[in-house]
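Hi,

Here's the structure I promised to send over. Have a look at it first, and then read on for what turned up in the salt bridges.

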Amino acid sequence: MPKSMNPLQLIADRWQPSAQFVRRASLACVVMGVVIVVTGGAVRLTQSGLGCPTWPTCTEDSLTPTPEMGINGVIEFTNRMLTYVLCAVVGVAIVAARARTPRRRDLTRLGWAQFWIVASNGIIGGITVLTGLNPYIVATHFLAATSLLTVAVIMWRRASEGDEEPRDLVARPVRQLGWVLTVATALLIVAGTVVTGSGKHAGDAKKDVHRIPLSYREVTQLHVDFVFIVLGLTVALWFVLRAVKAPAGPRRRVVELLAVLLLQGVVGYVQYFTDSPEILVGTHLFGSCLVWIAVLRVALSLRDRGELVAVPAQATERVAPLAAAGR
């Protein structure tokens, strides 16, 4: 496409967003990533998973829920509409990253990656409805949302740092311990989806929804085992960072992760011994997002890419007359 016909280039010629705006747009993607996970959980916990019994329309004859469908239809449809809000937020981040000078292709790619994950997960969500809340598809839907959150956090971090080659802030074995912690946390989250798929909150009270044919107590124990592994690795990383006199940033991130893990553990135990009330399950789901964000921030804090490059003066001078001409 010729440069003059590229809408993103036309915007870049007339608008120069600040580095702070790009960071805030990236952070908004993180926030919306959490919102879409939590509201998706709310759909299941309010038994609204089949509130709209078909897809992409709400019913075979109506795009929106009908009065006969009640509150469940409204909840399910509202969650679907939030996908468009998420797309809009991601779109703003893409445009801001593309218009920023100097141009950061990595930020633009991360923004587009989020867009395609949202699009593909929308299709997975439709398959979830069409398969009557198959627990394996539901788990895939959640994990795809978690992958969206992953890319959003990386973009948020990259928007706050330079574009140099990564430089280790600690010895490589310490960084490897950080990645082992990240992988263990990912397995913890996957185990959590199995617990959910075998538990009592199927997502719809009017239909006999298929569940994962595993013992709820046994998979919960597996989940708890991973919790202790992640906690142990977090404490070990904290001691190692202190021993090697690592910068304050990584040590602070590990402390934040430890605090989130402890709070999440308390919620999980109370949830288990109180027969998983909906409010605590929803809180635990929100906590899982915070845990994943925290562990990603730990891993990303163990390397440095330098400071953000300031906008060259000539770039500002170039944009100003173009903007004036556009008026």
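One cut-off before the details: a residue is called buried when its relative accessible area is under 20%, exposed when that is over 50%, and partly exposed in between. Keep in mind that this is a predicted model.

By that yardstick, D163 is partly exposed, because its relative accessibility is 46%. Its partner is R158: the two form a salt bridge, with 3.0 Å between the closest N and O atoms. R158 itself has a relative accessible area of just 7%, so it counts as buried.

R158 also has a second partner, D106, and there the N to O distance is 2.4 Å. That bridge ties together distant parts of the chain: D106 sits in helix α4 (residues 105–130) and R158 in helix α5 (residues 135–158), 52 residues apart. D106 is buried too, because its relative accessibility is 17%.

Then there's E161 with R303, whose side chains meet in a salt bridge at 2.9 Å, N to O. These two are 142 residues apart, with E161 in the loop between α5 and β1 (167–168) and R303 in strand β2 (residues 303–304). Both E161 and R303 are buried.

How do these pairs fit together? Through shared partners, salt bridges join R104, D106, R157, R158, E161, D163, R303 and R305 into one network. For the overall tally, the structure holds 15 salt bridges. As general background, side chains of opposite charge can pair when their charged atoms come close.

Cheers

Conventions
Residues are numbered from 1 along each chain as its sequence is written. This is a predicted model: local features need pLDDT of at least 70, side-chain atom pairs count only at pLDDT 80 or more; totals for chains, interfaces and linings use all residues. Side-chain values use heavy atoms; hydrogens and water are left out. A salt bridge is a side-chain nitrogen of Lys or Arg within 4 Å of a carboxyl oxygen of Asp or Glu. Helices (H or I, at least four residues) and strands (E, at least two) are DSSP runs, numbered from the N terminus. Buried means under 20% relative accessible area, exposed over 50%, partly exposed in between (1.4 Å probe, protein chains only).
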